[in-house]
Amino acid sequence: MTSSVLIADDDIAICQALERSLRFEGFKVRSALNGEIAIEEIEKELPDIMILDINMPEVDGIQVTKYLRSLDIDIPICILSARDEVSDRVSGLEAGADDYVIKPFSFEELLARIHALLRRRSVDVSKILTVGELTVDPMRRTAAYHGSSLDLTKKEFDLIHVLANSPSLVLSREQLLNKVWGYDFDVDTNVVDVFIGYLRKKMEINGQKRIIETVRGVGFVLNK
């Protein structure tokens with residue numbers, strides 16, 4: 001499955017070079033030239049990993065990182081920065097970044113770090129997710145709502161797991177098709193809507209509050 005990367009850096013040359021190199025390595029790549037645009041891009045579609053510069057106009061990289069973490073968005077964030085003091089690296093990591101690479105950097109090293117962060121994310125299944133009255137246990141592949149176990153199929157569980165990983169964030173149908181069904185290309189299907197319907201029916205069987213909401217023309221969001 002193709003992994004997606006969002007690059008946020010106000011240096012156009014670095015953005016373009018990284019875009020070319022990462023696409024050559026098989027990644028789906030988007031870029032933003034400042035922090036404000038980066039946040040807008042994330043609100044449109046959540047990437048699998050973010051490469052983020054600190055010194056950017058409008059909203060800097062530290063502010064972007066803190067904002068994303070405040071929303072419980074746990075995508076891996078790798079900071080790129082010319083600031084090489086220990087205090088700078090500590091600030092970036094304490095803000096919520098997962099890695100910190102100093103400019104100038106080797107693309108081979110950056111690529112290795114990207115792969116390492118993605119591997120770490122893919123095997124981090126021990127974390128039990130709680131969103132309001134919903135609990136999702138990736139290790140046991142079980143879920144419960146208002147204390148009642150949900151009898152879910154594999155795809156239903158995969159779907160609720162993806163939604164629970166990004167609470168309060170709107171995920172497009174394309175994102176859900178990619179993350180749950182492995183489609184990384186345009187496909188005309190209503191399978192996401194059908195499975196959302198299955199989940200709602202099982203979660204709301206006794207009149208419980210609906211927490212999977214439809215955002216018309218965009219996708220779906222799991223509310224807290």
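Into which domains is the chain divided? In this predicted model, the chain falls into domain 1, which covers residues 4-118, and domain 2, which covers residues 129-222. Taken over C-alpha atoms, the centres of domain 1 and domain 2 are 27 Å apart.

The interface of the two domains can be described from several sides. In terms of residues, 10 from domain 1 are in contact with eight from domain 2, and in terms of area, about 720 Å² is buried between domain 1 and domain 2, with carbon and sulfur atoms giving 46% of that value. Two residue pairs in polar contact are found across the interface of domain 1 and domain 2, both at pLDDT 80 or more, and the side of domain 1 that touches domain 2 consists, by class, of four nonpolar and six charged residues, with no polar ones. One salt bridge is also found across this interface. A salt bridge links the side chains of Asp48 and Lys179, where the distance from N to O is 2.7 Å.

Within domain 1, two local backbone features deserve a careful look. Glu58, which is not a glycine, nevertheless has a positive phi of about 70°, and this residue lies in the loop that runs between β3 (49-53) and α3 (61-70). Further along the chain, the peptide bond that joins Lys103 and Pro104 is cis, with omega at about -10°; Pro104 itself belongs to the loop between β5 (99-102) and α5 (107-123).

The strands β7, β8 and β9 can be followed in order of sequence. Strand β7, residues 134-137, pairs with strand β8, residues 142-145, in the antiparallel sense over four bridges, and within this pairing Asp137 stands opposite Thr142 of β8. The two strands form a hairpin with four residues between them, and in its turn Arg141 has a positive phi of about 55°.

Strand β8 also pairs with strand β9, residues 148-149, again in the antiparallel sense but over two bridges; here Ala144 has Ser149 in β9 as its bridge partner. β8 and β9 likewise form a hairpin, this one with two residues between the strands, and His146 in the turn has a positive phi of about 55°. As a background to reading such strands, side chains in a regular strand alternate between the two faces of the sheet. β8 thus takes part in both pairings, with β7 over four bridges and with β9 over two.

Technical notes: Residues numbered from 1 in each chain as written. Heavy atoms only, no water. Domains from an automatic or database assignment. Contact = heavy atoms within 4.5 Å. Buried area = accessible area lost by both parts, 1.4 Å probe. Salt bridge = Lys/Arg side-chain N within 4 Å of Asp/Glu carboxyl O. Polar contact = N/O pair within 3.5 Å; in protein donor to acceptor, adjacent residues only side chain to side chain. Nonpolar A, V, L, I, M, F, W, Y, C, P; charged D, E, K, R; others polar. Pairing = 2+ DSSP bridges.
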